[in-house]
Amino acid sequence: MEAGCPSPRVDAEWLLADVLGTTRTGLYVMERPLEEGELRRLRALVARRRTREPLAYVLGEWGFRRLTLTVDPRVLIPRPETEIVVERCLELLRPIEQPRVLDIGVGSGAIALAIADERSDASVVATDSSADALSVAEANKARLALNGRVELRHGDLVAGARGPFDLVVSNPPYVAPEDVERLPPEVLHEPFGALVGSGRQAEVAEAARAVLPPGGIVVLEVGDPQAPEVTAALYALGYGEIRTTPDLAGRERVVEGKAP
Ligand SMILES: C[S@@+](CC[C@H](N)C(=O)[O-])C[C@H]1O[C@@H](n2cnc3c(N)ncnc32)[C@H](O)[C@@H]1O
């Protein structure tokens, strides 16, 4: 509480459940004192959380749609709004058989691996300019047994991936540099290059045109006030049928369009 963590009780439950190898619900049916080793491990995890290290990094894993992904400070922690990005991709891919998908900026693998997991006939290529992030995505891909279905490539934007793709998706860095100081301390543990950027959705949309056939789809995550500017950028690049999708709080967080 005194460290300023917004939900200390919930965090403590997560950490204790981790130490005891159970779930938060499981804690309520356990009635025994902690053993010395368990107490020591719990104290070590709490000490990390007290420094405002994100809970996901302390636990070493985080849930994203149906998957549990390994996460550490080499990658952005997958967010709930990105689950809506995946939802939108799955909806758009529904009429397409054996779709080919490109995820630009794969990070932990969240979007690419969730699409491969939930569309068993999809083949997914995913890129990242961070070799560190790709190592995490590679480990998640192997652990989730999605090896044959997802190809990871190191490099900028499409990173030489050969199209055509039916859909290009990206959650690029979009926190404005001037907003960094206002972020909660947890966020500053995440990789700067995964968080901070401006105009990156337009860069992705421009690069995507080279690998999308006419009618191919681009799906982009955007920050809270950015949907109008990204919509305008897509129009300027010749995309049509542009549509936005809100998150559960009603904020427009996904912009999609069809290539010319
Ligand atoms: C906001 S994170 C998204 C990670 C993951 N897709 C997710 O949604 O949780 C952005 C990712 O894009 C990568 N990235 C930044 N610039 C890039 C570029 N020009 N080309 C490819 N990847 C880039 C970063 O390294 C980072 O992993």
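**Notebook: the ligand and its pocket**

I began with the ligand and found one of its nitrogen atoms 2.6 Å from an N or O atom in the side chain of Asp 156, which I log as a polar contact, meaning a pair of N or O atoms within 3.5 Å. I then looked up how far the protein covers the ligand: taken alone the ligand exposes 590 Å², and the protein buries 93% of that, with accessible areas from the Shrake-Rupley method and a 1.4 Å probe.

I note for the record that this is a predicted model, in which local features need pLDDT of at least 70 and side-chain atom pairs count only at pLDDT 80 or more, while totals for chains, interfaces and linings use all residues. Residues are numbered from 1 along each chain as its sequence is written, and side-chain values use heavy atoms, with hydrogens and water left out.

I went on to the other polar partners and found an oxygen atom of the ligand 2.6 Å from an N or O atom in the side chain of Asp 128, and a nitrogen atom of the ligand 3.2 Å from a polar backbone atom of Ser 129.

I listed 19 residues around the ligand, of which Gly 105, Asp 128, Asp 156, Leu 157 and Arg 200 come nearest; a residue enters this list if one of its heavy atoms lies within 4 Å of the molecule. I sorted this shell into eight nonpolar, eight polar and three charged residues, with Asp, Glu, Lys and Arg as charged and Gly among the polar ones.

I next placed the ligand in the largest pocket, where sitting in a pocket requires that more than half of the molecule's atoms lie within 2 Å of the pocket's grid points. A pocket here is an open set of points on a 1 Å grid over the protein atoms alone, with protein on both sides within 12 Å along at least five of seven lines, and its lining residues have an atom within 4 Å of a point. I read a volume of about 570 Å³ for the largest pocket, and a lining of 35 residues, among which Gly 105, Val 106, Asp 128, Pro 173 and Ala 194 lie nearest its centre. I saw that H9 gives the most to this lining, with three residues.

Lastly I checked the backbone, and found a cis peptide bond joining Gly 163 and Pro 164, with omega about 0 degrees; Pro 164 belongs to the loop between strand S5 (150-154) and strand S6 (167-170).

How values were computed
A polar contact is a pair of N or O atoms within 3.5 Å; within protein, one must be able to donate a hydrogen and the other to accept it, and residues adjacent in sequence count only if both atoms are side-chain atoms. On a 1 Å grid over the protein atoms alone, a cavity is a set of points where a 1.4 Å probe fits but cannot get out, and a pocket is an open set with protein on both sides within 12 Å along at least five of seven lines; lining residues have an atom within 4 Å of a point. Grid points are joined across faces, edges and corners, and a volume is the space filled by probe spheres set on the points. Helices (H or I, at least four residues) and strands (E, at least two) are DSSP runs, numbered from the N terminus.
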